[in-house]
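The following account leads the reader through a single protein chain, beginning with one residue and widening to the fold as a whole. Please keep the sequence and the model in view while reading.

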Amino acid sequence: DLKTFAAEGTYGICAVTAITAQNSRGVSAIDPVSASMVLSQLCALTEDFQIQAIKTGMLAKADIVEAVCDTLETCPTIPVVVDPVISATTGDRLLDVDALELVRRRLLSQARVVTPNRIEAEVLAEMHISSRADAVHATSRIRALGARAVVLTGGHFDGPQVVDLLDDDGHLIELTGPRIDSRHTHGTG
C-alpha cells in the first residue's frame, strides 16, 4: 500500500499491526503486535500528521480491531477504506474468528469503502459467490453491514480479464482490466 501511495504522489504513514514471515508460497509465521502498541502508534501518528484518509489492512486479533475502531470513532469525518484481510491467497488465516465478528459489527460501519476479494466477500456476506448475480447480492449484503460502498475485487475470479465490481450505495460499476500473469505479487494483486 505504501508503495502505491508513493507512486500516486501521496505521503503514506502506517501503524504496524502484525509481523509476518511470508513469501509468494505462503505465510509461515504471524506475530501480532499488542493492541496497546497499535494504539500508541495510532496516537503518535494522529498527534503529528494531518490525516486525510485512513486505510486498514491486516488486523489479526480482536483487541487490535477494537483499538482501531476506538481510534476511528475519534475522527469520524476522515474517510476510511477497509481492506478486510481475512486470509492469505494461500489460505493461511490472518484474522481470528473473534476479530471477524468485530470487523462485521464495528469496523464496516465506519467504512466509506470496503475492498474484499471474492473469498473475503463470501465470509462477510455469509454466502457463496460463483456468478455476477451472486457478486451483486454479496456487495449489497456487505453494504447492509454499514459500509457505504463495496469494491469486490476480481483477482480471485477466473478469466483473462479481471473485473472489480463497485457497488456505491446500489449504483454498480464494473472496472475491467487484463489479468497480468506474474508470480511477483503480494496478495492477489
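A convenient point of entry is A111, which, apart from residues within four places in sequence, is in contact with V80, V82, G146, A147 and R148. The model is a predicted one. A111 is found in the loop that links helix 4 to strand 5. With a relative accessible area of 3%, A111 falls under the 20% limit and is therefore buried. A longer span can be drawn from A111 to F49: these residues are 62 positions apart in sequence, and their C-alpha atoms are 21 Å apart in space.

The next residue to consider is V113, which belongs to strand 5, residues 113–114. Its relative accessibility is 18%, so V113 counts as buried under the 20% limit. Residues up to four places away being set aside, V113 touches V80, V81, V82, A149 and V151. V80 and V82 thus appear among the contacts of A111 and also among those of V113. Between V113 and G170, 57 residues apart in sequence, the C-alpha distance is 13 Å.

V80 also provides a reference point for Q52. The C-alpha atoms of Q52 and V80 are separated by 9.4 Å, with their positions 28 residues apart along the chain. Q52 is placed in the loop between helix 2 and strand 3, the latter comprising residues 54–56. Is Q52 buried or exposed? Its relative accessible area is 60%, and Q52 is therefore exposed, the threshold being over 50%. Beyond its neighbours up to four places away, Q52 touches I78 and P79.

From these individual sites the discussion turns to the interior. In soluble globular proteins, nonpolar side chains tend to be buried together. The largest nonpolar core of this model has 34 residues, among which V65, V68, L107 and I142 touch the most other members. Which elements give two or more residues to this core? They are helix 2 (35–48), helix 3 (62–73), strand 4 (80–82), helix 4 (97–107), helix 5 (118–125), helix 6 (132–143) and strand 6 (149–152). A second core, separate from this one, has 7 residues, including V27, M58, V85 and L94.

L107 illustrates the contacts of one such core residue. Sequence neighbours within four places aside, L107 is in contact with T56, L59, V68, C69, L72, V82 and L102. V68, listed here as a contact of L107, is itself one of the residues that touch the most other members of the largest core.

A residue of helix 6 offers a further view of the interior. T139 is found in that helix, and its relative accessibility of 0% is why T139 counts as buried. Once residues up to four places away are excluded, T139 touches V150, L152, L165 and D167.

Two residues deserve attention for their backbone geometry. Most residues other than glycine have a negative phi. A60 is not a glycine, yet its phi is positive, at about 70°. D169, likewise not a glycine, has a positive phi of about 55°. Where do A60 and D169 lie? A60 is in the loop between strand 3 and helix 3, while D169 lies in the loop between strand 7 (161–168) and strand 8 (171–178). Their surroundings can be set side by side: A60, with a relative accessible area of 3%, is buried, whereas D169, with 62%, is exposed.

The overall organisation may now be described. The chain has 6 helices and 8 strands, and along the sequence these follow the pattern α-β-β-α-β-α-β-α-β-α-α-β-β-β. Among contacts in the chain with a separation of 6 or more, 59% are accounted for by residues 24 or more positions apart.

The overall dimensions complete the picture. A compact globule of 189 residues would have a radius of gyration near 16 Å, and the chain has 16 Å, which agrees. Along the principal axes, the C-alpha atoms fill a box of roughly 45 × 35 × 35 Å. Of the 189 residues, 38% count as buried. The accessible surface of the chain comes to about 10800 Å², and 53% of that area belongs to carbon and sulfur atoms. As for charge, the chain carries 16 positive and 25 negative charges, whose mean positions are 3 Å apart.

Methods
Residues numbered from 1 in each chain as written. Predicted model: local features only at pLDDT ≥ 70, side-chain atom pairs only at ≥ 80, totals over all residues. Heavy atoms only, no water. Core = buried A, V, L, I, M, F, W, Y, C linked by side-chain atoms within 4.5 Å. Buried < 20%, exposed > 50% of the residue type's maximum accessible area, 1.4 Å probe, protein only. Helix = DSSP H or I, 4+ residues; strand = E, 2+ residues; numbered from the N terminus. Contact = heavy atoms within 4.5 Å. Rg over C-alpha atoms; globule rule 2.2 N^0.38 Å. Areas by Shrake-Rupley, 256 points an atom, 1.4 Å probe, with all protein chains shown as cover. Lys, Arg positive; Asp, Glu negative; His and termini not counted. Charge placed at Lys NZ, Arg CZ, Asp CG, Glu CD.
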